[in-house]
Amino acid sequence: MVFIHSGLLTLLFLSSYFDIRDQIVPNRLSLSILGLGCIYLLFLSPDENIFSLSSIFITLLLTLPGYFLGQFGAADVKILLAIALITPYENMLVIIILSMIIFIVYKNLFAKGICRAPFVPAIFIAVSLQTIVGVS
């Protein structure tokens, strides 16, 4: 499963680059992360798939209101949903909360005058911390 996590981090890094540079993440990248999550699901038992459904539900519950209110972009929600396929719901909750904290700090310190600040880099940092350091 090292391949899945290293692939995820690589795709998140590239997505972060485009989000910072262009304020848009190409669908090819967000769909690649989704494809990686689907590949991961193939290796899970049916019991473990239930945890993925819990993770997806929590992610939708926390991100869809922000999307409908214009606070999240479509790529942000797609990427978080793709990560939810790979991540247990307890860790997914940590990733979402940590991403939001990182984003709020970044926006208040470095992007005060910017109307829309990139959110994917915060997701990348949160997933990196959770994957490498084991923050959970």
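Biologist: A patch is made of residues with over 30% relative accessible area and no salt bridge, joining like charges within 9 Å, or nonpolar side chains (Val, Leu, Ile, Met, Phe, Trp, Tyr) within 5 Å. Which residues form the nonpolar patch on the surface?

Modeller: This is a predicted model, where local features need pLDDT of at least 70 and side-chain atom pairs pLDDT 80 or more, while totals for chains, interfaces and linings use all residues. Residues are numbered from 1 along each chain as its sequence is written, and side-chain values use heavy atoms, leaving out hydrogens and water. The patch holds F57, L61, L62, L93, I97, I101, V105, Y106, L109 and F110, with about 990 Å² of accessible area together (Shrake-Rupley, 1.4 Å probe, only the protein chains shown as cover). A salt bridge would be a Lys or Arg side-chain nitrogen within 4 Å of an Asp or Glu carboxyl oxygen.

Biologist: Which element gives the most?

Modeller: α5, with seven residues. Helices are DSSP runs of H or I, at least four residues, numbered from the N terminus.

Biologist: And L93, where is its place?

Modeller: L93 sits in α5. L93 is partly exposed at 35% relative accessible area, as buried means under 20% and exposed over 50%, with a 1.4 Å probe and protein chains only.

Biologist: Switching to α6. Which residues are buried there?

Modeller: V120, P121, A122, I123, A126, V127, S128 and Q130. These pack against α1 (2-22), α4 (74-86) and α5 (89-110), where contact means heavy atoms within 4.5 Å.

Biologist: What follows α6?

Modeller: G134, whose phi is positive, near 85 degrees.

Conventions:
Helices (H or I, at least four residues) and strands (E, at least two) are DSSP runs, numbered from the N terminus.
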